[in-house]
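Visitor: Could you take me slowly through one part of this model, and show me how a single helix sits among its neighbours? I am new to this, so please explain each term when it comes up.

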Amino acid sequence: AAMAAEMSSTSSSDQVFLQNLVVRLQRLLDGEASAGNNNNDNIGRRLQEIGWGSAGEMLRRALRLLHTGHHAVAEAVLRPALDLCVDKLHQGHWRSVPELWRQTYSLACAAAAVRCALPPHADTDTDADADADDKPFAGYEFYHSKHTAAASQTQPAQHPGNAAVERLRLALLFCDLALLMGAPLPQDNVVPVLARFLGNRLFFLQQQDAPLAKRAKVKTSPPTSTADLAAASESSDAQSSMPHPPTSASASA
């Protein structure tokens, strides 16, 4: 019942937006983000050139699984890809880390954020699969004490939609990590666009969960997270061709 409630809380237009974003990440990985792309935009090819084509293949497989609805399996592929990127990011001073690995980490974090934001898949084969799909990245170590502490501060579910709220918070956490430790993806502002979408959805669901007497008093607070700050300053209308994420009004309709 909780899974059905969470799936209903994510509108079809939201799911289309997230699936389109997966396609966008696939094109970024293969260097097809725009008609005027060059060799430096092809993250997968550049990984192949330095002997790490396996990293690109893991991300390619994870994105393909996300696109076909196999969310839990996609996470199982994303975890080692994220771990590999983190290892590369911590092999020396941050200024000496190649931009390629920072971009690869940003892409992996964006894929992880999408995995968290997508609703649980209704066609899981076993109870274990359903549990893994319902609790994305359970027990995952985020390599950052502040973020790990923030991720552990979960509230008891008092409403079926609360699970969706926690998933969105986790998705925003991955956007934070991409902006803090990663690098901008070639010719694309996909992480800030995703962060803005997630922030809008999170605020809408929190408004739904708030008691009716308090809803009128709730005001939008200034952005505090790294992802919120980047999303607030991003002019996606001018820099991105992605359609606007659904607003709270359209989602409620």
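**A helix and its neighbours**

Guide: Let us start with two helices, α4 and α6, whose axes come within 11 Å and cross at roughly 20 degrees; here the axes are lines fitted to C-alpha atoms, for helices over the stretch in contact, and the angles run from 0 to 180 degrees between N-to-C directions. Angles under 35 degrees count as roughly parallel, over 145 as roughly antiparallel, 65 to 115 as roughly perpendicular and the rest as oblique, and α4 and α6 are therefore roughly parallel to each other. Their crossing is left-handed, a word used if the near helix is turned anticlockwise from the far one by less than a right angle, with right-handed used if it is clockwise. On the side of α4 the contact is made by A55, L59, L63 and L66, and on the side of α6 by W101, T104, L107, A108, A111 and R115, where contact means heavy atoms within 4.5 Å. Sorted by class, this contact has eight nonpolar residues, one polar and one charged, given that Ala, Val, Leu, Ile, Met, Phe, Trp, Tyr, Cys and Pro count as nonpolar, Asp, Glu, Lys and Arg as charged, and the others, Gly among them, as polar.

Before going on, please keep in mind that this is a predicted model, in which local features need pLDDT of at least 70 and side-chain atom pairs count only at pLDDT 80 or more, while totals for chains, interfaces and linings use all residues. Residues are numbered from 1 along each chain as its sequence is written, and side-chain values use heavy atoms, with hydrogens and water left out.

As for the setting, the protein has 14 helices and zero strands; helices (H or I, at least four residues) and strands (E, at least two) are DSSP runs, numbered from the N terminus. Of its 253 residues, 45% count as buried, which means under 20% relative accessible area, whereas exposed means over 50% and partly exposed lies in between (1.4 Å probe, protein chains only). Among the contacts in the protein with a separation of 6 or more, 76% come from residues 24 or more positions apart.

Now look along α4 itself, which covers residues 53–67. At 1.5 Å a residue its 15 residues should span 21 Å, and its end C-alpha atoms are 21 Å apart, which agrees; the expected span is 1.5 Å times one less than the number of residues. The buried residues of α4 are G53, A55, G56, L59, A62, L63, L65 and L66, and they pack against α2 (12–29), α3 (43–49), α5 (71–89) and α6 (99–117). An α-helix has 3.6 residues a turn, so residues three or four places apart point the same way. After α4 comes G69, whose phi is positive, near 90 degrees.

Turn next to α6 and α2, whose axes come within 11 Å and cross at roughly 160 degrees. That makes α2 roughly antiparallel to α6. This crossing, too, is left-handed. From α2 the residues L18, L21, V22, L25, L28 and L29 take part in the contact, and from α6 the residues L107, A110, A111, V114 and A117. By class, the contact of α2 with α6 has 11 nonpolar residues, with no polar and no charged ones.

The last partner of α6 to consider is α9, residues 162–181, where the two axes come within 8 Å and cross at roughly 175 degrees, and α6 and α9 are therefore roughly antiparallel to each other. In α6 the residues R102, Y105, S106, C109, A112, A113, R115, C116 and A117 meet R167, L168, L170, A171, F174, C175, L177, A178 and M181 in α9. By class, this contact has 14 nonpolar, one polar and three charged residues.

One residue of α6 deserves a closer look, namely Y105, which is buried, with a relative accessible area of 3%. Leaving aside its neighbours within four places in sequence, Y105 is in contact with L82, C85, V86, L89, L177, A178, M181 and G182. Of these, L82, C85, V86 and L89 are also among the buried residues of α5. The C-alpha atoms of Y105 and M181 are separated by 7.8 Å, although the two residues are 76 residues apart along the chain. In α9 you can also find A164, which is buried at 5% relative accessible area; A164 and C116 are 48 residues apart in sequence and 9.0 Å apart in space, C-alpha to C-alpha.
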